[in-house]
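Thank you all for coming; I would like to walk you through one structure this morning, going from strands to helix to core. Please have the sequence and the model in front of you while I talk.

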Amino acid sequence: MFLPSAFIFRLAFFFFEPVALSHLFPTFRKYTSPTAFFFFTYRLYFLFVCFFFFFIFIALRIVFTATSYTMTATDYDVIVVGAGMFGSSAAKHLRRLQPSLRVAVIGPDNNSGRLARGQHFDEARICRRVETAVPWAHLNDLGALSYRETEATSGVSFYTPCGCMWVGTAEDRDASMECMDSVQRASGGADAVTYAVVCEEGDAGAAAAAAATAAGKTSVLRVTASSSVAEGVFGGEIRVGQLADAADGVETYYIAESGAAGGGTVHPTQYVKAQLACAAAVSPASNFCHLLEVVLQIACVAAGEGGDDCVYAVKTDAEHTYTAGRVLVATASFTKYHKLLPESVTDRLKPLAADVVLLRLVPPHGDDHEANVKASELCPSMIKTTGKNDDERIYTLPPRYYAEHAGWYVKMGRAGGPAAAVRDVERHTLAAAMAWYDTGKEVPKTDPCVTHLANMLQDIFPRWPVAPDTPEQSNRETVRCIVDETKEDVPMLDCVDGKGLFCAIAGNGRGAKTCDPIGCIAAHRVLGKELPPAYSFAKDAFRL
C-alpha cells in the first residue's frame, strides 16, 4: 500500500510543481544542465495544461449538447387539444400534409366527465351551400366537397344528402346569390363548380335543373318564389307554403338545395370518428394517437431564439404531462372557461347559450325501423329567416332516431339565436355555465314558444305527427348548448403567442358543415405552409 500511495503523491506533486521531475528521474538530471532541465520541465508542464483544458472543453461540450437535446426532445411534434369537429379535422390535415409528424389529439370521445363539454354529441347538423356571408359560403362549399372522400377513406358514414330548404326574404335571396357568385368566381366560373343555381320558374326551371343534373352537377339550388315548386323538389315530403309571411306583406323566397352531394345533414359524432380514422390511416400509423383525457393547462417551458425550438407542456386531468413543439387549441365552447389561451384571445369570444328543442314524433311506418329511416331521408333540413318574432325564425333538422331517448325526434331551434331569457343567463364562470348547462332538460308543458314550434313542425312535416304527451313520457325535451361567436362572425385560426401556440376556435354556429376546411386552414398555419389555390379567399382571413 505504501509504494502505490507514494507514487501517486509524487505524481500529483509533479503536476503542480514541474521542478519535482528532477526528483522523480535523478538519472535524467545528470545528462542535462540545470537551466535546460528547468525550461524542459516547464514546456512539458505547459503542454500538459493545454491538453488538460482541451479535454475539459470537450467534456463540457458533450454535457451541454446532451442537455440541449434533452430540453428540445418532445413526446410529440404537434398536440391538438380537443377531439371535436375542428380538432379531428386539423389532425387529419396535419397528418396528410406531413406524415412524418408525431401528432397527438387529446380529448374525450364522449360528453361525460365534469370538464368534458362539446357540441358535437347529437344526431344531426344541417349542412348546406346556401349562405348569406361570403367567407362562410366558401367554407360551406369546400366542406360539401370533402364529405364523400372522408367517408370513403375512413369507412365511416356520416353524411345524408337529404337536401336543405331555405325560406327567406328577398334580401336573403340576393345575399345568398352574391355568395354563390363569389364562390364561382374563386373556382373559375359556373362550369368549374359542382353545383348549379336555377332561377327560372315553371317548365323552364325544371328543364334547367334536369340539364344540370345530366351534366354531372351533384347539387342543384332552385331559387323560386313559388312554394309549390320548392316543395316539389322533395316530392311533397315537406310543406313550407303556409310558413310564408304574406300577412305581413313580406315577399318570401325559397332556395331548395338537393342532389347527391348537396345540402342535408351530417352526423357529428360519426363525422369526428371518420376524421380521426383518416388521421390514423396515414402511414406511419405509429405517428398518431388519440388520448382520452381532458387538458387542464398549457405552458411554454422552453423557447429558442426567435421562438424556434419551443417546448410546450400540456397537463391533463389524468395527471399526465405531454410535451410538443407546437400546440393547436381546438376546444370550442369551453375554451374561455378553461383559460387555455391568453385573455387577449378569449375576450373576443362571445359564448351564447341556446335551448334546442327535441320534439318526439310518431314514425309513419310504426316499428319498421328501416322503412322509417328511408322516410326520414326524404325530409330536408330547413331554415326559416322570415318573421317578426324570434319564435318564427327557426331551423329544423329532419326526423332522426335518438337511441338515448329510444324514439324518433326532430330538433328545432331559433335561427336568430337564443331567446332573450336564455341570453340573460349568467355564464361568466365555468361553474355558472355548467350549472346552466345541466339544468332545464325538460320543457314545461305550458311553454308557449315550444307549443308554437310544435304547431309549426306539424305544418312542415305532415307525415310525422308530434307524439302525444303522456305521464310516462314527455313529448318534448331541451338540449342545452353554448355556441362560440365572435364580433366579426368568423372563426379564429392563427398563432396565439408568436411562437408555437395556435388556435382553431369560434364556429359561430356553422362549425359542423365547415370543420373540414377550417381544419385544413389551421393545419397549414401550424406548419407554416401555403394554402392550396382553392383557399385563396382565406389567405389573410381569420387572423387574430
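Before I speak of paired strands, let me fix the term: two strands pair if DSSP finds at least two bridges between them. Please also keep in mind throughout that this is a predicted model.

With that in hand, let me begin with strand β12, residues 311–316, which is joined to strand β13, residues 321–329, by four bridges, the two strands running antiparallel. Within that pairing, Ala313 stands opposite Thr323 in β13. The two strands form a hairpin with four residues between them, and in the turn Glu319 has a positive phi of about 60°. β12 also has a partner in strand β11, residues 295–302, to which six bridges join it, again in the antiparallel sense, and here Cys300 stands opposite Tyr312 in β12. As for exposure, β12 is mostly covered, since five of its six residues are buried.

Let me turn to another sheet, an open one of three strands, whose order is β3-β9-β4 and whose pairing is antiparallel. Its edge strands are β3, residues 125–127, and β4, each of which pairs on one side only. Between β4 and strand β9, residues 264–266, there are two bridges, and in β9 the bridge partner of Tyr159 is Val266. The other residue I want to point out here is Thr160, which is found in strand β4, residues 159–160. Is Thr160 buried or exposed? Its relative accessible area is 18%, and because the cut-off for buried is under 20%, Thr160 counts as buried. Leaving aside residues up to four places away in sequence, Thr160 touches Gly263, Gly264, Thr265, Glu377 and Arg400.

Now to helix α6, residues 134–154. Its 21 residues should span 30 Å at 1.5 Å a residue, and the end C-alpha atoms are 30 Å apart, so the expected and the modelled lengths agree. The helix nevertheless has a kink of about 30°, centred on Ser146, and just after α6 comes Gly155, which takes a positive phi of about 75°.

The helix brings us to the aromatic residues, of which a search of the whole structure finds nine pairs. In one of them, the rings of Tyr147 and Tyr159 have their centres 4.8 Å apart and their planes at 40°, so the pair is classed as tilted. Tyr147 lies in helix α6 and Tyr159 in strand β4, so this pair ties together parts that are 12 residues apart in sequence. Both Tyr147 and Tyr159 are buried. Ring pairs also link Tyr147, Phe158, Tyr159 and Tyr271 into a cluster. Another pair is made by Tyr401 and Trp408, whose ring centres are 5.7 Å apart with planes at 65°, so this one is edge-to-face. Here Tyr401 is partly exposed, with a relative accessible area of 33%, whereas Trp408 counts as buried, at 6%.

Trp408 leads on to Leu359, in strand β14, residues 349–360, which is buried with a relative accessible area of 0%. Beyond its sequence neighbours up to four places away, Leu359 touches ten residues I will name in part, including Trp408, Tyr409, Val410, Leu453 and Arg476. Leu359 and Ser474 are 115 residues apart in sequence, yet their C-alpha atoms are 9.0 Å apart in space.

Finally, the nonpolar cores. Which residues touch the most other members of the largest one? Of its 50 residues, these are Leu94, Tyr147, Val266, Leu328, Ile521 and Phe542. Several elements give two or more residues to this core, among them β1, α5, α6, α10 and α17, and the largest share, nine residues, comes from α17. Taking Leu94 as an example, and not counting residues up to four places away in sequence, we find that it touches Val78, Val80, Leu101, Val103, Ala523, Val526 and Leu527. Apart from this core lies another, of 28 residues, among them Val167, Leu361, Ala375 and Trp464. As a general point, nonpolar side chains in soluble globular proteins tend to be buried together.

Definitions and conventions. Residues are numbered from 1 along each chain as its sequence is written. This is a predicted model: local features need pLDDT of at least 70, side-chain atom pairs count only at pLDDT 80 or more; totals for chains, interfaces and linings use all residues. Side-chain values use heavy atoms; hydrogens and water are left out. A nonpolar core is a set of buried Ala, Val, Leu, Ile, Met, Phe, Trp, Tyr and Cys residues joined through side-chain atoms within 4.5 Å. Buried means under 20% relative accessible area, exposed over 50%, partly exposed in between (1.4 Å probe, protein chains only). Contact means heavy atoms within 4.5 Å. The expected span of a helix is 1.5 Å times one less than its number of residues. The bend at a residue is the angle between axes fitted to the seven residues ending there and the seven starting there. Rings of Phe, Tyr and Trp (its six-membered ring) pair if their centres lie within 6.5 Å; planes under 30 degrees apart count as stacked, over 60 as edge-to-face and the rest as tilted.
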